[in-house]
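Here are my notes for your first look at this structure. Keep the sequence and the 3D view side by side as you read, and find each residue as it comes up.

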Amino acid sequence: VQLQASGGGLVQAGGSLRLSCAASGTFFSLNDLYWYRQAPGKQRELVAALTAAGSANYVDSVKGRFTISRDNVENTFYLRMNSLKPEDTAVYYCNAEVVVTMDYFVYAWGKGTQVTVSS
């Protein structure tokens with residue numbers, strides 16, 4: 001199972017980006033989904049999470065600006081980022097609980113996509 005993150009780039013403060021994370025390979029479904037980020041010199045932090053039941057949670061610093069969503073048909077999930085700030089600059093990673101079979105699951109990571117917000 002592989003996750004491929006895309007959609008990062010350079011944007012001015014106040015702008016928007018949508019990150020995508022596409023799952024490929026042989027598996028049954030995706031359960032809980034996550035977006036993390038890591039800024040230079042800082043630890044990786046959990047930005048957003050979306051359960052299989054549809055419950056979303058966000059770190060306080062992005063509440064009201066970021067939205068995590070999923071497309072179960074395409075096995076893809078997204079992070080819509082609005083009103084971006086320079087402090088959102090980081091490498092963003094997607095992570096998912098992948099149900100490989102009904103009694104076996106793994107956590108898969110994408111390679112990361114760079115988001116740079118200029119002031």
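The points below go from the whole chain to single residues.

1. Please keep in mind from the start that this is a predicted model. Every number below was computed from its coordinates, so to speak, on the page in front of you.

2. Start with the elements. The protein chain has 11 strands and 0 helices. If you walk along from the N terminus, you therefore meet β-β-β-β-β-β-β-β-β-β-β.3. Next, the overall shape. A compact globule of 119 residues would have a radius of gyration near 14 Å, and the protein chain agrees, with 14 Å. Along its principal axes, the C-alpha trace spans about 45 × 25 × 25 Å.

4. How much of the protein chain is buried? Buried residues account for 40% of its 119 residues. The accessible surface comes to about 6500 Å², and carbon and sulfur atoms hold 49% of that.

5. Sequence distance is worth a thought too. Take the contacts between residues at least 6 apart in sequence: 53% of them join residues at least 24 apart.

6. On charges, the protein chain carries 10 positive and 9 negative side chains. The centres of these two sets lie 8 Å apart.

7. Now look inside. In soluble globular proteins, nonpolar side chains tend to be buried together. Here the largest nonpolar core has 30 residues, and those with the most contacts inside it are L30, W35, F66, F77, L79, M81 and Y92. Elements giving two or more residues to this core include β1 (2–6), β4 (29–38), β8 (76–81) and β11 (113–118). Which element gives the most? That is β9, with 5 residues.

8. F77 is a good residue to click on in this core. Leaving aside neighbours within four places in sequence, F77 is in contact with L19, S20, C21, L30, L33, Y34, W35, S69, R70, C94, N95 and A96.

9. Is L84 buried or exposed? L84 sits in the loop between β8 and β9, and its relative accessibility is 2%, so it counts as buried, the cut-off being under 20%. Beyond its neighbours within four places in sequence, L84 has contacts with V11, A13, G14, G15, S16, L17, R65, F66 and V117. One of these, L17, is 67 residues from L84 in sequence, yet their C-alpha atoms are 8.2 Å apart in space.

10. V62 is another loop residue to find, between β6 (56–58) and β7. With 0% relative accessibility, V62 counts as buried. Apart from neighbours within four places in sequence, V62 is in contact with R37, V47 and D88. The C-alpha atoms of V62 and N82 are separated by 9.2 Å, and these residues are 20 apart along the chain.

11. Finally, check two backbone angles. Most residues other than glycine have a negative phi. N75 has a positive phi of about 50° although it is not a glycine. N75 lies in the loop between β7 and β8, and it is partly exposed, with a relative accessible area of 23%.

12. S83 also has a positive phi of about 50° without being a glycine. Look for S83 in the loop between β8 and β9. At 41% relative accessibility, S83 counts as partly exposed.

Technical notes: Residues numbered from 1 in each chain as written. Predicted model: local features only at pLDDT ≥ 70, side-chain atom pairs only at ≥ 80, totals over all residues. Heavy atoms only, no water. Helix = DSSP H or I, 4+ residues; strand = E, 2+ residues; numbered from the N terminus. Rg over C-alpha atoms; globule rule 2.2 N^0.38 Å. Buried < 20%, exposed > 50% of the residue type's maximum accessible area, 1.4 Å probe, protein only. Contact = heavy atoms within 4.5 Å. Areas by Shrake-Rupley, 256 points an atom, 1.4 Å probe, with all protein chains shown as cover. Lys, Arg positive; Asp, Glu negative; His and termini not counted. Charge placed at Lys NZ, Arg CZ, Asp CG, Glu CD. Core = buried A, V, L, I, M, F, W, Y, C linked by side-chain atoms within 4.5 Å.
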